[in-house]
Amino acid sequence: MQHYWGIDLGGTKIEGVILSAPSPDAVIIRKRIDTEAHKGYDHIMGQIIRLIDMLKAETGLTPDRIGFGTPGTFDPARQWMKNCNTTVLNGKPMKQDLTRLLGVPVTVANDANCFALAESTMGIVPDVVPDFQTVFGVIMGTGVGGGVVIRGRDGVPFVLNGLQGIGGEWGHNILEENGHSCYCGKSGCNEQVISGPALQRYYFEKSGEERTMKDIMDRYQEGNDLVASQTVNRMLEYFGRAVSVIINILDPDAIVLGGGVGNVDLLYTEGIERAKKYVFNSREINTRFLKPKLGDSAGVFGAALLV
C-alpha cells in the first residue's frame with residue numbers, strides 16, 4: 001500500500017504527516033516539533049530526522065520517498081536553497097543532505113506551492129472547479145507568496161517550479177514605485193504593500209498608532225476611523241492591481257487566497273471589482289476566487305502530495 005509522507009518545515013515548527021491516500025480524511029499520523037532554527041542549519045537537519053524517526057516508531061511504517069515544504073526555494077541550477085526567511089537555510093544543499101541522511105528520494109517545494117497543490121488536489125478547488133487546468137495559490141499574511149499548479153496530460157496536478165525554481169513568486173514583483181525597501185533587494189514589492197505587517201505599518205505611519213489587522217478591519221467596519229478606511233482601500237486597490245497581473249499572464253481557472261490577510265471578505269467582492277479595471281478583458285472576470293478549505297493543514301498535505 002502506498003503512503004504519502006510530507007514534512008512542512010516552518011520557522012518555528014516542523015510538522016510531519018503520513019497519509020494513506022491523497023485525502024484530508026486519510027491521515028494516519030500527524031506530529032509537530034519545534035524547529036529551533038536559532039541553533040543553526042545542522043540542528044534543523046537533526047530535528048527533521050528526529051521527527052521522521054518519531055513517525056516511523058509510532059506507525060511502524062517506513063517511507064520510500066518524502067516531500068518537503070520549505071520557507072524558501074530550491075535553486076535547481078546551483079542545487080541549494082535560496083530566498084528562505086529561515087535564513088540559515090540559504091546557500092545550503094538541503095535536498096542533497098536530506099537525501100543522504102534519510103536514504104530515500106526527497107522532493108522539495110516552496111510552502112506556497114505546497115498550499116496551492118493541496119487546495120488544488122484535496123481542498124476547495126475540486127469542489128468548485130473539478131476540471132481546472134491552472135490554479136494560482138496566494139499567500140497573504142506575514143509575507144506574500146504564490147504557487148502555480150497545472151493539470152498534467154495524465155490528469156494529475158503538478159507544481160510549476162520553473163527553470164530557476166521561482167515559479168509563482170508573486171510577492172516580489174514591484175507594485176508601488178519608490179515604496180518601502182524589501183529584503184529581496186527591491187522597493188515597493190507586493191510584500192511591502194499588501195502583507196499584514198505592511199498594512200499595519202501604513203496605518204501607523206498615517207495615525208501614529210500601532211494596531212493589528214483585526215483592529216484595523218474592526219475600525220473600518222465601525223466607519224469612524226478615517227485611517228482604517230484609507231488602509232483598507234489601499235489594500236483593495238493594490239490587491240486588484242497585483243492580482244490582475246496574475247490573471248493577465250496565467251488566466252487561471254481559480255485563485256485560492258490563503259494567509260491571514262486572505263481571510264478578509266472584502267477581497268472576494270470589492271477586491272475583485274478593483275481587479276476588473278486592470279485585467280485585459282472586455283467582459284466580466286470568470287476567474288473563481290476561492291477561500292481555502294484545508295486551513296493550516298494545506299502546507300503539510302501539499303508536501304506529502306509532492307511525491
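This is a short walk through the two domains of a predicted model, one residue inside a helix, and some of the salt bridges.

Before we set off, note that residues are numbered from 1 along each chain as its sequence is written, and that side-chain values use heavy atoms, with hydrogens and water left out. Because the model is predicted, local features need pLDDT of at least 70 and side-chain atom pairs count only at pLDDT 80 or more, while totals for chains, interfaces and linings use all residues.

Let's start with the overall layout. The domain assignment, which is automatic or from a database, gives domain 1 (4–114 + 297–305) and domain 2 (130–291). Taken over C-alpha atoms, their centres are 27 Å apart. Where the two meet, 10 residues of domain 1 are in contact (heavy atoms within 4.5 Å) with 15 residues of domain 2. Between them, the domains bury about 780 Å², 48% of it on carbon and sulfur atoms; buried area is the accessible area (1.4 Å probe) that two parts lose on being put together, summed over both.

Now look into helix H8 (residues 226–250), where you will find Thr231. Helices here are DSSP runs (H or I, at least four residues), and strands are runs of E (at least two), numbered from the N terminus. Thr231 counts as buried because its relative accessibility is 1%; buried means under 20% relative accessible area, exposed over 50%, and partly exposed in between (1.4 Å probe, protein chains only). Leaving aside neighbours within four places in sequence, Thr231 is in contact with Leu199, Tyr202, Tyr203 and Ile216.

Charged side chains come next. The structure holds 21 salt bridges, each a side-chain nitrogen of Lys or Arg within 4 Å of a carboxyl oxygen of Asp or Glu. One of them joins Glu15 and Arg30, with the closest N and O atoms 2.2 Å apart. Glu15 lies in strand S2 (residues 13–19) and Arg30 in strand S3 (residues 27–34), so this pair ties together parts that are 15 residues apart in sequence. Glu15 is buried at 4% relative accessibility, whereas Arg30 is partly exposed at 33%.

Back in helix H8, Glu237 forms a salt bridge with Arg241 (3.0 Å between the closest N and O atoms), and the two are 4 residues apart, about one turn of the helix. Glu237 also meets Arg274 in a salt bridge (3.2 Å, N to O). Arg274 lies in helix H9 (residues 270–276), so this second pair ties together parts that are 37 residues apart in sequence. Both Glu237 and Arg274 are buried. Glu237, Arg241, Glu270, Arg274 and Lys277 are linked in a network of salt bridges.
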